[in-house]
Amino acid sequence: MNDVKTEKHDIELEYDFDEPPQKVWRAISIPEFRESWLPSDALADPEATSVTPGQEVRYRMRDNAPPFLESTVTFTVTPNASGGTSLRIIHKLTDARFDRITDTAANNNGPLMLAA
């Protein structure tokens, strides 16, 4: 697994698997398979918001506790050099309310610093 930093509040992960891309694609795109590791109750909508068959699928997520912030998670499947699969996962906070929460501190004396 490789952790790759993206934008301020994004998380990007990369995994390499020995399994062929078709098998990994099925695990992320078929609801019955996806459910075992990404349950529908974690999703704002169990249907994908965008799909490029065999390559990329994106889902909208919503926190299950207030303030119920929304995000997207994108899975990209590509063949790797060893004949298996590279899976890239990008989890991006898309809720505009998050920027207001983190841009100013409660005392309004300056920006809030989040621990990494």
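In this predicted model, a search of the whole structure turns up three aromatic pairs. One of them joins Tyr 15 and Phe 17, whose rings are stacked, with 6.2 Å from centre to centre and 25° between the planes. Tyr 15 is partly exposed, at a relative accessible area of 26%, and Phe 17 likewise counts as partly exposed, at 30%. Another pair is made by Tyr 59 and Phe 75, and here the arrangement is edge-to-face: the centres are 6.2 Å apart and the planes meet at 70°. Because Tyr 59 belongs to strand β4 (residues 56-62) and Phe 75 to strand β5 (residues 70-79), this pair ties together parts of the chain that are 16 residues apart in sequence. Tyr 59 is buried, with a relative accessible area of 1%, and Phe 75 is buried too, at 2%.

The rings of Tyr 59 and Phe 75 do not stand alone, for ring pairs link them with Trp 37 into a cluster. Tyr 59 also has a charged companion: the charged end of Arg 34 sits over its ring, 5.0 Å from the centre.

The strands that carry these two rings are themselves partners. Strands β4 and β5 pair in the antiparallel sense over seven bridges, and Glu 56 has Thr 76 of β5 as its bridge partner. On β5 there is a further antiparallel pairing, with β6, over nine bridges. Within it, Phe 75 stands opposite Ile 89 of β6. The hairpin of β5 and β6 has five residues between the strands, and in this hairpin Gly 83 takes a positive phi near 90°.

Attention now turns to helix α1. Which residues of α1 (residues 21-29) are buried? They are Pro 21, Val 24, Trp 25 and Ile 28. These four cover an arc of only 105° around the axis, so they lie on the same side of α1. Gln 22 and Lys 23, by contrast, are exposed and are carried on the face turned away from the buried side. The cover over the buried residues of α1 includes β2 (11-17), α2 (31-34), β3 (50-52), β4, β5 and β6 (85-93).

Helix and strands come together again in the nonpolar interior. In soluble globular proteins, nonpolar side chains tend to be buried together. Here the largest nonpolar core has 13 residues, of which Ile 28, Tyr 59, Phe 75 and Leu 87 touch the most other members. At least two residues of this core are supplied by each of α1, β4, β5 and β6. For Leu 87, the contacts beyond four places in sequence are Leu 13, Glu 14, Tyr 15, Phe 17, Val 24, Ile 28, Phe 75, Thr 76 and Val 77. Leu 87 thus touches both members of the stacked pair described above, Tyr 15 and Phe 17, as well as Val 24 and Ile 28 from the buried side of α1.

Beyond β6, the chain enters a loop that leads to α3 (96-103), and Thr 94 is found there. Is Thr 94 buried or partly exposed? At 40% relative accessibility, Thr 94 counts as partly exposed. Its contacts, leaving aside neighbours within four places in sequence, are Glu 70, Ser 71 and Thr 72. The C-alpha atoms of Thr 94 and Val 73 are separated by 10.0 Å, with the two residues 21 apart along the chain.

Key
Residues numbered from 1 in each chain as written. Predicted model: local features only at pLDDT ≥ 70, side-chain atom pairs only at ≥ 80, totals over all residues. Heavy atoms only, no water. Phe/Tyr/Trp six-rings, centres within 6.5 Å; stacked < 30°, edge-to-face > 60°. Buried < 20%, exposed > 50% of the residue type's maximum accessible area, 1.4 Å probe, protein only. Lys NZ or Arg CZ within 6 Å of the ring centre and 35° of its normal. Arc of directions from axis to C-beta. Contact = heavy atoms within 4.5 Å. Pairing = 2+ DSSP bridges. Core = buried A, V, L, I, M, F, W, Y, C linked by side-chain atoms within 4.5 Å.
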